[in-house]
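Here are a few short exercises to work through with the model open beside you. Try each task before you read its solution.

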Amino acid sequence: QVQLVESGGGLVQAGGSLRLSCAASGRTFSSYRLGWFRQAPGKEREFVARILWSGGSKYYPDSVKGRFTISRDNAKNLVYLQMNNLKPEDTAVYYCAAGVATVPIRWDYWGQGTQVTVSS
């Protein structure tokens, strides 16, 4: 049973930083893609970052490019999202996701989410 458990959310002032972690378990993720999404109240879920578990191939939307960095620790089965220069519009529940690294992109598993609140 695949499990993704996020942690590291919280309240931070605008301009501050947070690092989210996602602990992945239940299978070998070598052929998977891991990603982060977010959903603000009243809005649709938005893609934030993704990375191939095997390495490289990171991708970000323009809304977070240059501020957010995704990385992974294969030995610990952890995926991180370093968020710098946070803005109030980054406030959302952040979700970790995993999917087999196929084209088209698919997401098979989701975590329960962690709240990030950025105050102005």
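**Exercise 1.** Which residues does Tyr 94 touch, not counting residues up to four places away in sequence?

*Solution.* Keep in mind that this is a predicted model. Start with the low numbers: Tyr 94 touches Glu 6 and Leu 20. Next come Trp 36, Phe 37, Arg 38 and Val 48. Then add Phe 68, Leu 81 and Met 83. Finish with Gly 113, Thr 114 and Val 116.

**Exercise 2.** Find the residues that touch the most other members of the largest nonpolar core, and the elements that supply this core.

*Solution.* The core has 29 residues, and Trp 36, Leu 81, Met 83 and Tyr 94 touch the most other members. Among the elements that give two or more residues to this core are strands S3 (18-25), S4 (32-39) and S8 (92-100).

**Exercise 3.** Decide whether Ala 98 is buried or exposed, and list its surroundings.

*Solution.* First, place Ala 98 in strand S8. Its relative accessible area is 0%, and buried means under 20%, so Ala 98 is buried. Now look for its contacts beyond four places in sequence: they include Leu 4, Phe 29, Tyr 32 and Trp 107. For Tyr 32, 66 residues away along the chain, the C-alpha separation from Ala 98 is 6.6 Å.

**Exercise 4.** Do the same for Cys 22: is this residue buried or exposed, and what does it touch?

*Solution.* Cys 22 sits in strand S3. With a relative accessible area of 0%, Cys 22 is buried. Beyond four places in sequence, Cys 22 touches residues including Leu 4, Trp 36 and Cys 96. The C-alpha atoms of Cys 22 and Leu 4 are 6.2 Å apart, with their positions 18 residues apart along the chain.

Notes:
Residues numbered from 1 in each chain as written. Predicted model: local features only at pLDDT ≥ 70, side-chain atom pairs only at ≥ 80, totals over all residues. Heavy atoms only, no water. Core = buried A, V, L, I, M, F, W, Y, C linked by side-chain atoms within 4.5 Å. Buried < 20%, exposed > 50% of the residue type's maximum accessible area, 1.4 Å probe, protein only. Helix = DSSP H or I, 4+ residues; strand = E, 2+ residues; numbered from the N terminus. Contact = heavy atoms within 4.5 Å.
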